[in-house]
Amino acid sequence: MKNVLIVEDEAITRLMYKGFVQKIIPQYRIYEAKNVLEGICLFFDKHPQLIILDIIMPGYSGKLILDILEEGIKHKIISYRPKIIVISAIDTVEELTALTNKFVVSSVMPKPLPFDTLAEILKLHLKI
Amino acid sequence: MNKQKIRFLIVEDDEMIRLIHKDFLKDLYPESEIIEAENGAQGICHYFESHPNIILLDMMMPIMGGEAFLDILEEGHNSNILKDKPKIIVVTAIKDVKELMSIGKRFAVEAVISKPLVQNQLKSLLEDWIS
């Protein structure tokens with residue numbers, strides 16, 4: 001079974017991403033996390049091939065999951081690499097660059113999300 | 001808990017302290033498996049990949065501390081993603097009583113022991129759990 005994990009605190013935005021993902025890759029099962037802590041647990045439980053990740057969330061930032069995955073992959077504790085698409089309203093260049101430099105991040109997308117671009121990126125990363 | 005099947009996870013950034021913990025556990029339970037992590041991020045990966053029974057957790061570490069480690073476990077348990085409940089022993093240099101009390105109340109935390117580690121305390125705790 002192929003899985004997608006959506007980590008986003010706003011229910012309405014989650015629903016929007018879900019509908020969109022369903023349309024592009026209907027064969028994937030979708031899991032949703034309302035914060036990064038839940039996202040981390042679902043990542044390890046469901047081993048998604050793709051993660052759509054919001055960065056600015058109440059409590060812990062989405063960066064926590066990136067830190068954990070980088071440590072896990074670097075030290076060979078985690079044996080596979082999911083594709084991670086960061087969707088973020090961050091607009092300072094420094095922060096964006098820092099995110100892009102994280103090796104686990106496949107793409108960084110602005111928020112609000114241009115769906116056409118996301119469709120292209122999904123097709124590219126998932127080779128569909 | 002059965003002696004042969006015990007899996008310990010040590011989450012501690014100080015290499016020397018990790019070694020001391022490891023030697024101590026190995027002496028007490030030579031047949032156990034001992035996994036080591038240098039920070040909370042590695043620790044959480046090992047936790048999910050290996051499902052240790054007993055975790056020795058430091059609180060102050062680079063990249064990710066013990067607080068976030070406990071928060072992740074708590075959230076996983078509350079949203080029914082986590083099925084097992086490990087026994088966590090927090091080993092910390094924190095001296096503030098209020099802070100220590102609040103750590104003691106966290107999910108899966110069975111004991112809070114001060115650092116430097118009093119090995120007799122740890123030994124008697126473990127002996128209660130492991131037959």
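## Building blocks of chain B

Let's start with the parts list: chain B contains five helices and five strands. The structure you are looking at is a predicted model. If you walk along the sequence of chain B, you meet the pattern β-α-β-α-β-α-β-α-β-α.

## Overall size and packing

What radius of gyration does chain B have, given its 131 residues? The value is 14 Å, and a compact globule with 131 residues would come out near 14 Å, so chain B agrees with that expectation. You can also picture a box around the C-alpha atoms of chain B: along the principal axes, this box is roughly 35 × 35 × 25 Å.

Now look inside. Of the 131 residues in chain B, 36% are buried. The contacts tell a story about the sequence, too: taking the contacts in chain B with a separation of 6 or more, 64% link residues that are 24 or more positions apart.

## The sheet

Here is a general point to keep in mind. Strands in a sheet are paired by backbone hydrogen bonds, and the pairing can be parallel or antiparallel.

In what order do the five strands of chain B lie in the open sheet? The order is β2-β1-β3-β4-β5, and the pairing is parallel. At the edges you find β2 (33–37) and β5 (109–114) of chain B, each pairing on one side only. From one strand to the next, the twist averages 15 degrees.

To see one pairing in detail, find strand β4 (residues 87–92) of chain B, which forms five bridges with β5(B) in the parallel sense. Try locating B:I89: its bridge partner in β5(B) is B:A111.

## A helix on the sheet

Next, turn to helix α1 (residues 15–28) of chain B, which packs on the sheet. This helix touches β1 (7–11), β2 and β3 (54–57) of chain B. The direction of α1 makes about 170 degrees with that of β2(B).

## Where chain B meets chain A

Chain B also has a partner in this model. In the contact region, 18 residues of chain B are in contact with 16 residues of chain A. Helices α2 (40–50) and α3 (66–78) of chain B each supply at least two residues of the side that touches chain A.

Which element gives the largest share of this side of chain B? That is α2(B), with seven residues. Sorted by class, the side of chain B that touches chain A has ten nonpolar residues, five polar residues and three charged residues.

Terms used. Residues are numbered from 1 along each chain as its sequence is written. Chains are lettered from A and ligands numbered from 1 in the order in which they are written. This is a predicted model: local features need pLDDT of at least 70, side-chain atom pairs count only at pLDDT 80 or more; totals for chains, interfaces and linings use all residues. Helices (H or I, at least four residues) and strands (E, at least two) are DSSP runs, numbered from the N terminus. The radius of gyration is taken over C-alpha atoms; the globule rule is 2.2 Å times the number of residues to the power 0.38. A residue is buried if 20 or more other C-beta atoms lie within 10 Å of its own, exposed if 12 or fewer, and partly exposed in between; C-beta atoms are placed from the backbone. Two residues are in contact if their C-beta atoms, placed from the backbone, lie within 7 Å. Ala, Val, Leu, Ile, Met, Phe, Trp, Tyr, Cys and Pro count as nonpolar, Asp, Glu, Lys and Arg as charged, and the others, Gly among them, as polar. Two strands pair if DSSP finds at least two bridges between them. Axes are lines fitted to C-alpha atoms, for helices over the stretch in contact, and angles run from 0 to 180 degrees between N-to-C directions.
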